[in-house]
Structures are given as C-alpha cells and as structure tokens.
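Reader: Could you take me on a close look at one place where two helices pack together? I'd love to know which residues meet there.

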Amino acid sequence: MKAIEQKWWHNAVVYQIYPRSFMDANGDGIGDLAGIISKLDYLQQLGINLIWLSPVYRSPMDDNGYDISDYEDIAAEFGTMAEMEQLIQEAKARDIHILMDLVVNHTSDEHPWFLEALKGKDNPYRDFYIWRKPAPDGGPPNDFRSYFGGSGWTFDEASGEYYLHQFSVRQPDLNWENPQVQEEVHAMMNRWLDRGIGGFRMDVIDLIGKEVDKQIMAKGKNLHLLIHQMNRATYGARDMLTVGETWSATPEDALLYSDPDREELSMVFQFEHIKQTWDEKHGKWRSRPFELSRFKAVIDKWQTALADRGWNSLFWSNHDLPRAVSKFGDEGEFREASAKMLATALHCLKGTPYIYQGEEIGMTNVRWSTIEEYRDIESLNFYRERIAAGITHDEMMTGIHANGRDNARSPVQWDDSAHAGFTTGTPWMAVNPNYRSINVAKALAEPDSILWHYQKLVALRKAHPVLVYGDYQMLFAEHPQIFAWLRRYEGNTLLVINSFSRERLTLEIPEPLQAWHGECLISNYAPRDQLAVSLELQPYESFALLIRE
C-alpha cells in the first residue's frame with residue numbers, strides 16, 4: 001500500500017464560524033464579516049489554519065443562509081463583497097485560509113434561476129429544478145417527506161406541477177442531471193477560487209445524484225461521477241481542501257469520496273458517531289444515553305477503514321449539532337475536565353480536527369422553556385407537526401434541548417458584559433445565561449483554561465508528525481469507560497488514554513506497557529510521564545504520552 005501523499009492541510013486545524021452568531025460589529029444584533037475580521041488575531045493566537053465559514057451569500061434567510069438567492073453577492077446583514085475580500089486577504093496574512101460553504105443541492109426560491117423557472121414550462125431555466133405532474137388524485141407525485149417535515153413536494157398553480165424540495169419549501173432542489181446546472185455551478189466555484197479561498201465545505205453533497213422517481217435521495221447512481229466532474233472542472237488542479245457533508249456515508253463510501261486516485265474530495269463528514277445518541281425509531285428528537293462502547297466501535301471502524309487511503313474528518317459538533325461538552329461530557333461539575341478530555345481525544349486521532357466556535361471555551365447547550373425562544377426552522381417545523389400528532393410539549397422540548405440545532409447557534413460568549421460582548425444591540429437569539437462564567441475573556445486570563453488546552457493541541461499537531469500520520473491501534477477495547485489507543489510513526493509511539501467517567505477509576509495496565517515512560521505532551525490533571533501496574537484516573541482524566549524509540 002503506497003504512503004499517503006502529504007498535503008498542506010494534513011496538520012491543519014479547521015475552525016467553523018457560524019457568522020450570524022460569531023461577532024456583531026455594527027450593533028444590529030446579527031454577527032457579520034466585520035465582526036469576524038475583528039477576531040482574526042484571536043483565531044491566529046488559537047493557531048488554526050482554516051476557517052470554515054457557514055454561508056454568507058445573499059439569502060432571504062429562511063434557513064439562516066443555507067437558502068441562497070445569489071452565490072456571488074453577500075447578504076446585507078453580513079456585509080459587502082468588499083468586506084468578504086478583505087476577510088480573505090486579512091486571514092491569508094495570518095496563514096488562515098477561508099473554506100466557503102458550498103450549498104448546491106438546492107437554492108432559495110428567490111434565486112433568479114427559480115424565478116425564471118416559475119414563468120412557464122418552456123422557460124430555459126425550468127429544467128434547472130425538478131418538476132413532476134400530480135398523482136392521479138391531484139396530490140404530490142409520491143409520498144417523499146421533507147427532512148424539515150411535511151411533503152417534499154410543493155404545488156405550483158401556474159403550471160399545474162409540483163417541484164421537489166428535500167428541505168424547506170423555500171429551498172427547491174437543483175436538477176443535477178441538467179448539464180447546464182453543472183456548468184453554472186462549476187463557473188461560480190471557479191470565480192470564488194480565483195478570489196483566493198482555500199476550498200469548500202459541501203453541504204449535503206451526497207444528495208446531488210438523487211434518483212427522484214425511485215426516491216433514492218442519497219448516493220444516487222451518478223453521485224461520484226458528478227463529484228469527479230466537479231473536481232476536474234474546478235478545484236482539482238488547485239490543491240484545495242474539500243470536505244463533503246455526507247450523512248449517508250459508510251467507511252466504504254468515504255474511501256470512494258476521499259481516495260486521491262479517484263479525484264473527488266479531500267475528506268467527508270460522516271455522522272455515524274453522532275447518531276449513536278439518537279433513538280432508532282424517533283431519530284434526533286428522542287435521545288438515548290451515550291454509550292462509550294458503541295461510540296468506540298464506530299470510531300475504531302472509521303480510523304481503521306481509512307488508515308491507508310483517504311482521510312478522516314474529526315469533529316464533536318457543528319452548527320447542526322448540540323454542544324460537545326453537553327452531549328459527550330459533563331456540563332456541570334466536571335465541565336472543564338471533560339471539555340479538555342474531549343479535545344485531547346479528538347485531536348489525537350488520525351484525521352483533520354474541526355473546532356466549532358465556542359467549543360474552545362466549553363460552551364454548553366441552551367435550554368429555553370418555550371418554543372417561541374427558538375429560531376431554527378427545523379425545530380419549529382417538527383414541533384408544530386408533532387404537537388399536532390399528539391406528542392406533548394414537554395416531550396418535544398426534551399428532544400430540542402438535547403439535539404436541537406439552536407444549541408450550537410446561541411451567540412459566542414466573548415466576555416461578561418451585556419449580551420456576552422457579542423453585540424451592543426439586541427441579539428437575534430438570546431445569549432446563554434451562563435456567559436458570565438463561561439466566556440473568552442475569562443478563558444484567556446486563566447493559564448489552565450480549556451482555551452489554552454485547545455491552543456496547545458493545535459500547536460502539537462504542527463510539532464509532532466506522529467499526531468498527523470501515525471497509524472492507529474485501539475487499546476482496552478472492552479472497557480466501558482476508557483477510550484485509549486496507540487499511534488506510531490517513524491520511531492515515535494503516542495499513547496492516548498481518555499476516561500469518559502465522572503468517577504475515579506483504576507485502570508489495570510497490560511504487562512507489555514507497564515514499563516513505558518516518556519514525555520507527557522498534554523494532560524488535564526497532573527502530567528503523567530510513565531506507566532505502572534495500574535493507573536488511578538481522576539474524573540474525565542486524559543493524557544497523551546510520547547515514547548521515542
């Protein structure tokens with residue numbers, strides 16, 4: 001098996017910014033590009049190399065920017081194209097690349113292409129979207145359900161046909177079987193690449209090859225061909241970072257996407273580890289307890305499958321998911337210890353780590369009591385739909401508290417001033433009340449904070465190739481509370497041990513490891529530089545021990 005070709009982004013760390021909630025520079029209560037620019041020094045200090053920027057394109061904001069009405073203009077609430085170009089250049093001056101969010105499975109219903117498509121069946125843009133005649137009873141063509149609730153088909157009275165939307169009614173799906181759609185999207189991507197961005201994060205990219213009449217929405221027969229053609233027409237020759245959001249992906253799929261010889265993507269986001277806490281019948285709206293044994297099996301499977309080809313993306317959270325410390329750690333007494341443990345666990349695996357804004361200070365889920373305090377279209381739609389079906393308010397709120405997307409979208413907590421320093425106005429969404437004790441200013445002032453722990457982890461990746469290219473071997477596979485592994489590369493061995501327990505544990509060490517000693521690269525309690533017959537581990541204790549041969 002040939003060695004993986006080393007890339008500039010292999011030892012990088014990506015930081016995701018959800019612009020609406022990051023930093024508001026003009027006091028209108030909505031985060032903006034000027035706010036991001038004002039925090040570039042902070043991000044440089046953290047050490048990250050790429051910013052994944054959630055959509056800032058012009059949009060009516062039905063889905064907070066994932067409904068794009070103009071791919072080559074900036075939403076007024078976020079700023080101007082001049083500010084976007086300033087962000088790209090000022091970030092680059094700090095050795096930070098911008099990863100644009102590419103949303104091309106669908107557009108807004110206000111996009112000029114769709115407005116033209118509505119003008120009639122003979123319009124040149126009609127075939128940019130997916131239309132079907134009604135069923136014999138006049139209803140939708142089939143029973144496909146939108147991922148945001150309700151039918152995935154909406155009737156256009158003027159033409160007497162339905163259009164497909166896998167998400168909001170205001171997000172009509174593009175028809176990727178139309179070569180003109182491909183050409184238009186490729187040309188748009190190249191214009192962004194020419195502006196100097198570092199690549200793309202591709203929203204629900206596994207849906208563009210859909211076979212509509214068979215209701216095969218993910219992984220359709222032409223999916224990989226379409227991505228390969230996109231690669232060849234745009235970013236393939238430019239050495240960019242590309243990551244596809246693929247909720248449907250298996251490890252076998254990920255090898256197809258990310259094997260360099262196939263010329264598709266750098267890596268994909270897979271969500272199998274996230275779904276471990278979802279109810280099998282009710283999905284994300286009814287949680288099941290986090291079980292480390294199941295979680296470890298998933299991570300081990302992905303680390304092993306992509307060991308020699310392809311590449312893993314590593315993440316705990318993003319704009320669609322709950323806060324990491326609330327879901328996988330302890331947001332109470334052991335918030336700091338568990339947040340550091342989660343950081344160490346993630347950054348010591350093989351792949352590219354992603355930090356979601358606020359994760360580096362241990363921000364927690366929000367917990368509002370009324371549905372009126374929430375802003376996310378998915379949560380609001382499902383609340384209405386399920387209440388109408390007889391689900392109780394308390395049951396739905398429990399699901400939203402656990403897994404609703406607004407958990408990640410409350411404003412970043414910069415300091416303990418009004419609205420956490422996010423805005424001088426009224427924030428578009430309320431700030432988490434715990435901002436007075438959890439904020440960036442406080443973390444910067446404390447040498448042992450979660451923030452500095454993240455900063456150290458980011459620096460370690462650049463100093464130790466074993467963290468980037470080392471192979472992976474799980475240890476203590478059957479232990480219900482310990483996740484541990486070895487990484488080996490060019491004469492260096494890294495031992496990583498993480499306790500996922502809020503109780504003290506005694507860990508019996510296998511005889512071959514008992515005499516090991518070396519350099520403790522990072523820990524969240526007292527450093528450990530050697531092993532013995534057993535280890536007495538503190539709640540959520542975590543450390544990485546480097547052994548040089």
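Author: Happily! Ser379, Phe382, Tyr383, Arg386 and Ile387 of α12 meet His393, Met396, Met397 and Ile400 of α13, where contact means heavy atoms within 4.5 Å. Six of the residues in this contact are nonpolar, two are polar and one is charged (Ala, Val, Leu, Ile, Met, Phe, Trp, Tyr, Cys and Pro count as nonpolar, Asp, Glu, Lys and Arg as charged, and the others, Gly among them, as polar).

A word on the model: it is predicted, so local features need pLDDT of at least 70 and side-chain atom pairs count only at pLDDT 80 or more, while totals for chains, interfaces and linings use all residues. Residues are numbered from 1 along each chain as its sequence is written, and side-chain values use heavy atoms, with hydrogens and water left out.

Now for the geometry. Two packed helices are described by the angle between their axes and the distance between the axes. Helix α12 covers residues 377-388 and helix α13 residues 393-403; helices here are DSSP runs of H or I with at least four residues, numbered from the N terminus. Their axes come within 10 Å and cross at roughly 155°, which makes α12 roughly antiparallel to α13 (angles over 145 degrees count as such). Axes are lines fitted to C-alpha atoms, for helices over the stretch in contact, and angles run from 0 to 180 degrees between N-to-C directions. The crossing of α12 past α13 is right-handed, meaning that the near helix is turned clockwise from the far one by less than a right angle.

Notes
Helices (H or I, at least four residues) and strands (E, at least two) are DSSP runs, numbered from the N terminus. Angles under 35 degrees count as roughly parallel, over 145 as roughly antiparallel, 65 to 115 as roughly perpendicular and the rest as oblique.
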